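The following report describes selected local and strand-level features of the structure shown below. It is arranged by topic, beginning with backbone geometry.

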Amino acid sequence: MTTPADNLRINGERLWDTLMEMAKIGPGVRGGNNRLTLTDDDKKSRDLFMSWCEGAGCTTTFDSMGNIFARREGTDPSLPPVMVGSHLDTQPTGGKFDGVLGVLSGLEVIRTLNDLGIRTKHPIEVVDWTNEEGSRFAPAMISSGVFAGAYTQEEAYALTDKDGLTFGDELKRIGFVGEEKVGTRPLKAFFELHIEQGPILEAEGLDVGVVTHGQGQRWFDITLTGFESHAGTTPMPRRRDALLGASKLVQAVNEIALENAPHAVGTVGMLDLYPGSRNVIPGSVSMTVDFRHPDDAVLKSMADAMKARLAAICAEGKLSEETKEVFYYAPVAFDEACVGAVRRAAERLGYKHRDIVSGAGHDACYIARVAPTSMVFCPCVDGISHNEDEDISMEWAKAGTDVLFHAVVETAEIVE
């Protein structure tokens, strides 16, 4: 297969300038961004992105979920496009790169193709997926989820924010309800560049992560019930302390994750006890458990192990429990051909790289259900993300985009 010459690179300074210009929209309080989805600032970022893409010779459209597509035509317009992109919305205390790098690196791919006069057989499209973060309208990744058939548009439109405003109404308010039915656009492949959001690449001195899998997730809501009684007069052997049981379960969740290293993680992120008095033994505790692993069988075994440990804890502490699985997200194995294109690009360009598993959810994880898909990771400082201190270097952004450029153009097929 014809590929770009080894010496072709994107314009790193232009990419960085574009990132910094976009970061001026919806500034945070500490140097990051607060650009929640479907707000006025989100509209400004969308308008700016579309103007840049049109300036690069692309045609821009958006579908009924507000997903924006900027198309650079191929020599055969009848062929499905190779799509690249991510999202422009941020967390309320987000950084300048989470998601945004993936969209604007796609724009840089288009600009570099224009600079070099390269034509591809397949069209190339850059996408901005609506509401990836889910911080205003939960759940996350809702629009790529609708595109892939995981949710219906009606479910998405009915989502409400903390003020009771609906997704559908806000999408209409900012003028981004398109006529194209979501999910009807064919794809040859999809690539997403993203910051790692973890510490591995930086710690190992690597330039690029070749993402092979996305972790599956199982979330549980658990209530442990004992009996609240006087903290001074109830003998220790007679207590039914729900918090003691919960503390043992927290330890068990940690141990189960460590037993399934290196990819497993387990977290108790919320814990609420009743009645919450310093001199009353807690009678009940509500808590959450989050397990993640890229192998579905291992993920299930972790959940089963937790349930067994929970039963033993309750028997020992004379407690009752109610466990509800509230979310299940299957692991994603990215397409071998797309992963191979990313790996070959990193090798061709001489970038230090390794295979890596994504611990976070991304739009690519949903799009993998309907099209061959892969991801590229670049390092981020100290693994910090979803925080205004999130940071990357221009060199990291350039390396990731160089790899993205070669993988995308190889897949879209250069016309000699």
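## Cis peptide bonds

In this predicted model, Pro139 is placed in the loop between strand 4 and helix 4. The peptide bond that joins Ala138 to Pro139 is cis, with omega at about 10 degrees.

A cis peptide bond also joins Tyr274 and Pro275, and its omega is about 10 degrees. Pro275 belongs to the loop between strand 9 (271–274) and strand 10 (284–293).

## Positive phi values

The loop between strand 4 and helix 4 also holds Asn131. Although Asn131 is not a glycine, its phi is positive, near 55 degrees. Is Asn131 buried or exposed? Its relative accessibility is 0%, so Asn131 counts as buried, the cut-off for that class being under 20%.

Asp382 is likewise a residue other than glycine with a positive phi, here near 60 degrees. Its place is the loop between strand 14 (373–378) and helix 12 (394–412). Asp382 has a relative accessibility of 55% and therefore counts as exposed, since that class begins over 50%.

## Aromatic pairs and cluster

The structure contains 11 aromatic pairs. One of them is formed by Trp129 and Phe190, whose ring centres are 6.1 Å apart and whose planes meet at 75 degrees. This pair is edge-to-face because its interplanar angle of 75 degrees is over the 60 degrees required for that class. The pair links distant parts of the chain, as the two residues are 61 residues apart. Trp129 lies in the loop between strand 4 (124–128) and helix 4 (142–147), whereas Phe190 lies in strand 5 (residues 189–195). Trp129 and Phe190 are both buried.

One aromatic cluster is made up of Tyr151, Trp219, Phe327, Tyr329 and Tyr366.

## Arginine over aromatic rings

Two arginine residues are described here by their position relative to a phenylalanine ring. Arg46 lies over the face of Phe176, at 4.8 Å from the ring centre. Arg185 is placed over the face of Phe69, and its distance from the ring centre is 4.1 Å.

## Strand 4 and its partners

How many residues of strand 4 are buried? Five of the five are, so strand 4 is largely enclosed by the rest of the structure. Both of its faces are covered. On one side the buried residues are Ile124, Val126 and Asp128, and on the other they are Glu125 and Val127.

Strand 4 is joined to strand 2 (residues 68–72) by five bridges, and these two strands run antiparallel. Within this pairing, Ala70 has Val126 of strand 4 as its bridge partner. Five bridges also join strand 4 to strand 3 (residues 82–86), but in this case the strands run parallel. Val82 stands opposite Ile124 of strand 4.

## Strand 5 and its partners

Strand 5 has seven of its seven residues buried, so this strand too is largely enclosed by the rest of the structure. Both faces of strand 5 are covered. Ala189, Phe191, Leu193 and Ile195 are buried on one side, and Phe190, Glu192 and His194 are buried on the other. Phe190 is also the strand 5 member of the edge-to-face pair with Trp129.

Which strands pair with strand 5 in the parallel sense? Strand 3 does so over three bridges, and in this pairing Val82 has Ala189 of strand 5 as its bridge partner. Val82 therefore has a partner in each of two strands, Ile124 in strand 4 and Ala189 in strand 5, where a pairing of strands rests on at least two bridges. Strand 14 also runs parallel to strand 5, and six bridges join the two. Phe191 has Ser374 of strand 14 as its bridge partner.

## Nonpolar surface patch

Val250, Leu271 and Leu273 make a nonpolar surface patch of about 200 Å². Of these residues, Leu271 is found in strand 9. Leu271 is partly exposed, with a relative accessible area of 41%. That value exceeds the 30% needed for a residue to be part of a patch.

How values were computed
Residues numbered from 1 in each chain as written. Predicted model: local features only at pLDDT ≥ 70, side-chain atom pairs only at ≥ 80, totals over all residues. Heavy atoms only, no water. Phe/Tyr/Trp six-rings, centres within 6.5 Å; stacked < 30°, edge-to-face > 60°. Helix = DSSP H or I, 4+ residues; strand = E, 2+ residues; numbered from the N terminus. Buried < 20%, exposed > 50% of the residue type's maximum accessible area, 1.4 Å probe, protein only. Lys NZ or Arg CZ within 6 Å of the ring centre and 35° of its normal. Patch = residues over 30% accessible without salt bridge, like charges linked within 9 Å, V, L, I, M, F, W, Y side chains within 5 Å. Areas by Shrake-Rupley, 256 points an atom, 1.4 Å probe, with all protein chains shown as cover. Salt bridge = Lys/Arg side-chain N within 4 Å of Asp/Glu carboxyl O.
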